[in-house]
Amino acid sequence: MEQSYNCTECGECCKHVAGFLDTKPGTDECIFLVDNLCSIYEFRPEICRVDTIYHKYFSGTEYKDFHNYTAEACNTMIRGAGLDDKYLVGEV
Ligand code: SF4
Ligand code: SF4
(Lines give C-alpha, C1' and ligand atoms only; values in the text may rest on other atoms or scores of the structure.)
(Ligands and ions follow the chains in the order given, each with its own letter.)
Protein backbone atom coordinates (compact mmCIF):
# COMPACT_ATOMS: atom_id res chain seq x y z
CA MET A 1 0.00 0.00 0.00
CA GLU A 2 1.29 3.48 -0.87
CA GLN A 3 2.18 5.40 2.27
CA SER A 4 1.77 9.13 2.56
CA TYR A 5 2.88 11.76 5.02
CA ASN A 6 0.47 12.62 7.84
CA CYS A 7 0.45 16.37 7.10
CA THR A 8 -2.07 18.18 9.31
CA GLU A 9 -2.20 21.23 7.00
CA CYS A 10 -1.02 23.57 9.73
CA GLY A 11 0.64 25.75 7.09
CA GLU A 12 3.77 26.42 9.13
CA CYS A 13 6.28 25.02 6.62
CA CYS A 14 4.93 27.44 4.01
CA LYS A 15 5.71 30.35 6.35
CA HIS A 16 9.44 29.66 6.49
CA VAL A 17 10.55 29.40 2.86
CA ALA A 18 12.89 32.39 2.57
CA GLY A 19 15.92 31.33 0.54
CA PHE A 20 13.98 28.50 -1.14
CA LEU A 21 10.87 30.06 -2.70
CA ASP A 22 9.54 33.55 -3.38
CA THR A 23 8.14 35.24 -0.29
CA LYS A 24 5.57 37.92 0.45
CA PRO A 25 7.20 41.29 1.09
CA GLY A 26 8.66 41.59 4.57
CA THR A 27 7.90 37.99 5.52
CA ASP A 28 9.33 34.47 5.14
CA GLU A 29 5.93 33.28 3.88
CA CYS A 30 5.46 31.74 0.45
CA ILE A 31 3.69 33.96 -2.07
CA PHE A 32 1.35 31.07 -2.88
CA LEU A 33 0.00 30.59 0.65
CA VAL A 34 -3.57 31.91 0.66
CA ASP A 35 -5.90 31.49 3.65
CA ASN A 36 -3.32 29.08 5.10
CA LEU A 37 -3.60 26.79 2.06
CA CYS A 38 -1.43 26.32 -1.01
CA SER A 39 -3.06 28.09 -3.94
CA ILE A 40 -1.05 26.07 -6.48
CA TYR A 41 -1.27 22.72 -4.71
CA GLU A 42 -1.42 20.56 -7.85
CA PHE A 43 1.56 22.43 -9.28
CA ARG A 44 3.60 23.01 -6.10
CA PRO A 45 7.35 22.52 -6.50
CA GLU A 46 9.19 19.36 -5.59
CA ILE A 47 10.52 20.83 -2.35
CA CYS A 48 6.93 20.99 -1.08
CA ARG A 49 6.19 17.32 -1.78
CA VAL A 50 7.28 15.26 1.19
CA ASP A 51 6.58 11.88 -0.37
CA THR A 52 8.24 12.80 -3.65
CA ILE A 53 11.33 13.84 -1.69
CA TYR A 54 11.30 10.48 0.06
CA HIS A 55 11.04 8.41 -3.12
CA LYS A 56 13.61 10.52 -4.99
CA TYR A 57 16.25 11.07 -2.32
CA PHE A 58 15.62 8.89 0.74
CA SER A 59 14.23 5.62 -0.59
CA GLY A 60 17.15 3.76 1.00
CA THR A 61 15.71 4.74 4.40
CA GLU A 62 12.75 3.01 6.03
CA TYR A 63 9.66 5.09 5.24
CA LYS A 64 8.60 5.21 8.89
CA ASP A 65 12.00 6.61 9.92
CA PHE A 66 11.84 9.31 7.24
CA HIS A 67 8.25 10.08 8.18
CA ASN A 68 8.93 10.35 11.89
CA TYR A 69 12.06 12.44 11.44
CA THR A 70 10.08 14.84 9.24
CA ALA A 71 7.26 14.85 11.78
CA GLU A 72 9.71 15.99 14.46
CA ALA A 73 10.65 18.96 12.27
CA CYS A 74 6.97 19.81 11.69
CA ASN A 75 6.16 19.50 15.38
CA THR A 76 9.04 21.79 16.30
CA MET A 77 7.57 24.45 13.99
CA ILE A 78 4.04 23.82 15.25
CA ARG A 79 5.06 24.15 18.90
CA GLY A 80 7.25 27.15 18.10
CA ALA A 81 4.29 28.91 16.53
CA GLY A 82 2.10 28.08 19.54
CA LEU A 83 -0.46 26.23 17.43
CA ASP A 84 -3.07 23.90 18.92
CA ASP A 85 -1.87 20.37 19.66
CA LYS A 86 -4.39 19.08 17.10
CA TYR A 87 -1.86 20.07 14.43
CA LEU A 88 0.93 17.89 15.82
CA VAL A 89 1.96 15.18 13.35
CA GLY A 90 1.70 11.67 14.74
CA GLU A 91 4.29 8.96 14.23
CA VAL A 92 3.70 5.96 11.99
S1 SF4 B 1 4.56 21.95 8.80
FE2 SF4 B 1 4.26 19.78 8.44
S3 SF4 B 1 2.15 19.37 9.17
FE4 SF4 B 1 2.34 21.59 8.84
S5 SF4 B 1 1.65 21.95 6.72
FE6 SF4 B 1 3.87 21.67 6.67
S7 SF4 B 1 4.17 19.47 6.21
FE8 SF4 B 1 2.07 19.75 6.94
S1 SF4 C 1 4.17 26.38 -3.05
FE2 SF4 C 1 2.43 25.84 -1.79
S3 SF4 C 1 3.07 24.10 -0.53
FE4 SF4 C 1 4.92 25.11 -1.35
S5 SF4 C 1 5.53 26.58 0.25
FE6 SF4 C 1 4.23 27.65 -1.22
S7 SF4 C 1 2.17 27.55 -0.35
FE8 SF4 C 1 3.43 25.98 0.65
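**Figure 1. The exposed side of helix 2 in a predicted model.** On the other side of helix 2 from its buried residues, Asp 65, Tyr 69, Glu 72, Ala 73, Thr 76 and Gly 80 are exposed, where exposed means that 12 or fewer other C-beta atoms, placed from the backbone, lie within 10 Å of the residue's own, buried that 20 or more do, and partly exposed anything in between. Because this is a predicted model, local features need pLDDT of at least 70 and side-chain atom pairs count only at pLDDT 80 or more, whereas totals for chains, interfaces and linings use all residues. Residues are numbered from 1 along each chain as its sequence is written, while chains are lettered from A and ligands numbered from 1 in the order in which they are written.

**Figure 2. The buried side of helix 2.** Phe 66, His 67, Ala 71, Cys 74, Asn 75 and Ile 78 are the buried residues of this helix. They cover an arc of only 165° around the axis, which places them on the same side of helix 2; the arc is that of the directions from the helix axis to the C-beta atoms. An α-helix has 3.6 residues a turn, so residues three or four places apart point the same way. Helix 1 (50–57) is included in what covers the buried residues of helix 2.

**Figure 3. Helix 2 from end to end.** Spanning residues 63–80, helix 2 has 18 residues and reaches 26 Å from its first C-alpha to its last, close to the 26 Å expected at 1.5 Å a residue, the expected span being 1.5 Å times one less than the number of residues. Helices (H or I, at least four residues) and strands (E, at least two) are DSSP runs, numbered from the N terminus. Helix 2 is followed by Gly 82, whose phi is positive, near 70°.

**Figure 4. The surroundings of ligand 1.** Around ligand 1 are Cys 7, Thr 8, Glu 9, Cys 10, Gly 11, Glu 12, Cys 13, Cys 74, Met 77 and Val 89, each with its C-beta atom, placed from the backbone, within 6 Å of the ligand. By class, this shell has 6 nonpolar, 2 polar and 2 charged residues; Ala, Val, Leu, Ile, Met, Phe, Trp, Tyr, Cys and Pro count as nonpolar, Asp, Glu, Lys and Arg as charged, and the others, Gly among them, as polar.

**Figure 5. The surroundings of ligand 2.** Ligand 2 is surrounded by ten residues named here as Cys 14, Val 17, Leu 21, Cys 30, Phe 32, Leu 33, Cys 38, Ile 40, Arg 44 and Cys 48. This shell divides into 9 nonpolar, no polar and 1 charged.

Notes. Contact = placed C-beta atoms within 7 Å.
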